[in-house]
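Visitor: I would like a close look at one part, with the surroundings brought in only where they help. Please begin with a pair of charged side chains and work outward from there.

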Amino acid sequence: MSTHHTLAIVGAGLGGLVAARVLHVRGIEAVIYERDASPTARPQGGMLDIHEESGQAALRAAGLFEEFRAIVHPGGEEFRALDPDGTVRHKDAGEAGRPEVDRNDLRRILLDSLPEGTVRWDTKVTGARALGDGRHEVTLADGTVFTTDVLIGADGAWSRIRPLLSPAVPAYAGVSFVETDLYEAAVRHPATAELLGGGMMFALADGKGILTHLETDGSIHAYVAFKVPEDWLSGLDFTHPDSVKETLLAHFEGWDDRLRALIADADDAMTPRPIHALPVGHRWAHMPGVTLLGDAAHLMSPFAGEGANAALQDGAELATALAAHPDAFDTGLLAYEQALFPRAEQTAVQSAQGLDLLFGPDATENLVAMMSGQGEQQSD
């Protein structure tokens with residue numbers, strides 16, 4: 001005997017959660033299958049700037065705007081661009097319409113807004129197949145299956161639902177990160193904290209860089225970035241952090257010690273993160289009863305600051321379209337996809353251009369020119 005759901009979402013990221021919340025507000029219940037064992041099973045990432053026209057609009061549709069305002073990090077919109085020698089080349093207060101929040105706080109708000117039992121934790125999806133008439137069967141790692149009238153793939157870069165619609169797979173984007181943290185930065189690393197400021201910082205040169213955010217708990221989260229071959233990270237042994245630090249520091253020889261401290265004094269484990277993207281303009285022929293959102297639909301590099309915002313917008317717009325056609329869900333799916341494809345393509349183009357700008361020739365000069373041209377209130 002298999003379980004049947006009218007509407008099932010695979011993936012409890014921001015997009016899947018906001019879709020379930022907007023549906024709930026509209027009187028339609030959905031179930032979410034999530035591979036993580038619990039909400040705290042793994043780190044969810046750092047700070048996000050939530051854009052007025054996309055992420056904030058989604059949270060308004062979800063009835064959670066006031067809860068969102070309560071978790072905004074004051075001053076987190078600040079932006080700085082530095083030279084490798086520590087010279088501050090550009091500094092601004094950021095754009096008021098793009099406040100910063102901690103991803104974990106935002107996810108907690110969304111989880112708390114859903115009826116108990118909406119998320120089925122520790123249920124890893126291993127595959128799915130069409131049954132005809134828009135219905136699908138989904139298989140879990142424990143061998144059980146469920147069927148659904150509407151299947152939403154919100155399961156990220158390596159989606160198990162995407163193959164139902166598209167043969168596309170993410171490709172390496174040419175850049176890799178190593179993520180690090182400095183805890184209690186203002187107390188334990190005051191010189192570095194003062195240099196980086198209260199928001200986001202970029203220091204770039206020669207196809208590499210260090211990008212940072214000040215977190216709400218006072219820690220600094222850093223992305224040590226390199227334009228390197230796809231297998232570069234596999235040559236580092238992350239079970240021996242000191243050797244990784246030594247290798248990374250060699251690439252930043254001559255950089256200001258306050259920047260190098262983000263590597264040399266990194267706390268706890270460092271996390272490798274190769275950057276992948278789906279083809280710009282990725283789309284699929286409509287298939288009844290199934291669609292994708294977020295990274296499953298349009299994985300892109302993070303260099304336009306749009307990934308989380310796009311996922312939130314996808315989830316809210318999809319749920320709104322479904323709720324507008326409660327007796328013909330497939331009409332809602334088709335309407336959602338027709339709006340999604342051109343919007344996602346535009347954002348993917350911006351992300352690809354951002355990668356080229358930040359890791360190409362004269363990166364700092366180009367970044368400063370772009371930021372200065374957008375005025376003193378622009379944050380990214």
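Which residue forms a salt bridge with Asp-149, and how far apart are the closest N and O atoms?

Guide: The partner is Arg-135, and the closest N and O atoms of the pair are 3.9 Å apart; a salt bridge here is a side-chain nitrogen of Lys or Arg within 4 Å of a carboxyl oxygen of Asp or Glu. Before going further, please note that this is a predicted model, in which local features need pLDDT of at least 70 and side-chain atom pairs count only at pLDDT 80 or more, while totals for chains, interfaces and linings use all residues. Residues are numbered from 1 along each chain as its sequence is written, and side-chain values use heavy atoms, with hydrogens and water left out.

The pair links distant parts of the chain, since Asp-149 lies in strand β10 (residues 145-153) and Arg-135 in strand β9 (residues 135-140), 14 residues apart. Strands (E, at least two residues) and helices (H or I, at least four residues) are DSSP runs numbered from the N terminus. Asp-149 is partly exposed, with a relative accessible area of 29%, and Arg-135, at 32%, is partly exposed as well. On this scale buried means under 20% relative accessible area, exposed means over 50%, and partly exposed lies in between, for a 1.4 Å probe and protein chains only.

The structure holds 16 salt bridges, and two others make useful companions to this one. Asp-257 forms a salt bridge with Arg-260, the closest N and O atoms again being 3.9 Å apart, but here both residues lie in helix α8 (residues 257-264), 3 residues apart, or about one turn of the helix. An α-helix has 3.6 residues a turn, so residues three or four places apart point the same way. Asp-257 is exposed, at 60% relative accessible area, whereas Arg-260 is buried, at 18%.

The next pair is Arg-343 and Asp-314, whose closest N and O atoms are 2.7 Å apart. Arg-343 lies in helix α11 (residues 329-358) and Asp-314 in helix α10 (residues 307-323), so this salt bridge ties together parts that are 29 residues apart in sequence. Both ends are buried: Arg-343 has a relative accessible area of 18%, and Asp-314 has 0%. Salt bridges can also join into a network, as they do for Asp-83, Arg-89 and Glu-365.

Helix α10 leads on to the nonpolar interior, where a core is a set of buried Ala, Val, Leu, Ile, Met, Phe, Trp, Tyr and Cys residues joined through side-chain atoms within 4.5 Å. The largest nonpolar core has 64 residues, and those with the most contacts inside it are Leu-7, Ile-9 and Leu-106; α10 gives the most to this core, with 8 residues. Leaving aside residues up to four places away in sequence, Leu-106 touches several residues, among them Leu-14, Ile-50 and Leu-312, where contact means heavy atoms within 4.5 Å. A second, separate core of 30 residues includes Tyr-172, Val-178, Ile-220 and Val-224.

Leu-14 is one of the buried residues of helix α1, which is mostly covered, with 10 of its 12 residues buried.
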